[in-house]
Amino acid sequence: VRAQVYGEQKKFKGKMSYADKLGIPYVIFLGEDEISSGVVACKDMKSGEQTKLNTQETINRIKAGLAELEKGSVIVE
């Protein structure tokens, strides 16, 4: 899974707008609360759904979502 880290000191809304402009399908939030709770916050940029799951469950969710996005329809002539 390719990933990009956004390290600039910008406001949260600006970071989300950047991800949206690039068409990034999932955004991960890993702040102090998530680290202390042992979870990863993940937002599906298309549906807007946000989850807080453990690391492996988040990875599985993203992989399944990406596999679904990569499904193409068969062209019938």
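Here is a walk through the structure, starting at one helix and moving out to its contacts, its charged pairs and its rings. Keep in mind that this is a predicted model, in which local features need pLDDT of at least 70 and side-chain atom pairs count only at pLDDT 80 or more, while totals for chains, interfaces and linings use all residues. Residues are numbered from 1 along each chain as its sequence is written, and side-chain values use heavy atoms, with hydrogens and water left out.

Let's begin with helix H3, which covers residues 55-70. The helix and strand labels are DSSP runs numbered from the N terminus (helices are H or I with at least four residues, strands are E with at least two). With 16 residues at 1.5 Å each, H3 should span 22 Å, and its end C-alpha atoms sit 23 Å apart, which agrees. The expected span here is 1.5 Å times one less than the number of residues.

Which residues of H3 are buried? They are Thr-58, Arg-61, Ile-62 and Gly-65. These buried residues take up an arc of only 95° around the axis, so they fall on the same side of H3. That arc is taken from the directions running from the helix axis to the C-beta atoms. As for the wording, buried means under 20% relative accessible area, exposed means over 50%, and partly exposed is in between (1.4 Å probe, protein chains only). Turn to the other side of H3 and you find Lys-63 and Glu-70 exposed. Ala-64 also belongs to H3, and at a relative accessible area of 47% it is partly exposed. Ala-64 is 24 residues from Val-40 in sequence, and their C-alpha atoms are 16 Å apart in space.

What covers that buried side? The cover over the buried residues of H3 includes strand E1 (26-29), strand E2 (40-44) and strand E3 (50-53). Thr-58 is a good place to zoom in: this H3 residue is buried, with a relative accessible area of 3%. Leaving aside residues up to four places away in sequence, Thr-58 touches Ile-28, Val-40, Cys-42 and Leu-53. A contact here means heavy atoms within 4.5 Å.

The N-terminal end of H3 has a cap, Asn-54, with a side-chain oxygen 3.0 Å from the backbone nitrogen of Gln-56. That fits the rule for a polar contact: a pair of N or O atoms within 3.5 Å, where within protein one must be able to donate a hydrogen and the other to accept it, and residues adjacent in sequence count only if both atoms are side-chain atoms.

Now for the charges. Side chains of opposite charge can pair when their charged atoms come close. A salt bridge is a side-chain nitrogen of Lys or Arg within 4 Å of a carboxyl oxygen of Asp or Glu, and the count comes to three. One of them brings us back to H3: Arg-61 pairs with Glu-49, with the closest N and O atoms 3.2 Å apart. This pair links distant parts of the chain, with Arg-61 in helix H3 and Glu-49 in the loop between E2 and E3, 12 residues apart. Arg-61 is buried at a relative accessible area of 18%, whereas Glu-49 is partly exposed at 44%.

Glu-49 has another partner in that loop. Its backbone nitrogen lies 3.1 Å from a polar atom of the side chain of Ser-47. Ser-47 sits in the loop between E2 and E3 and is exposed, with a relative accessible area of 51%.

Another salt bridge joins Lys-52 and Glu-34 at 3.7 Å, N to O. It too links distant parts of the chain, from Lys-52 in strand E3 to Glu-34 in helix H2 (residues 32-37), 18 residues apart. Lys-52 is exposed at 51% relative accessible area, but Glu-34 is buried at 11%. The salt bridge between Lys-71 and Glu-68 has its N and O 3.3 Å apart, and both of these residues are exposed.

Finally, the rings. The whole structure holds two aromatic pairs. One is Phe-12 with Phe-29, a tilted pair at 5.3 Å centre to centre and 40° between the planes. It links distant parts of the chain, as Phe-12 is in helix H1 (residues 12-22) and Phe-29 in strand E1, 17 residues apart. The rule takes rings of Phe, Tyr and Trp (its six-membered ring) with centres within 6.5 Å, and calls planes under 30 degrees apart stacked, over 60 edge-to-face and the rest tilted. Phe-29 counts as buried, at 14% relative accessibility.
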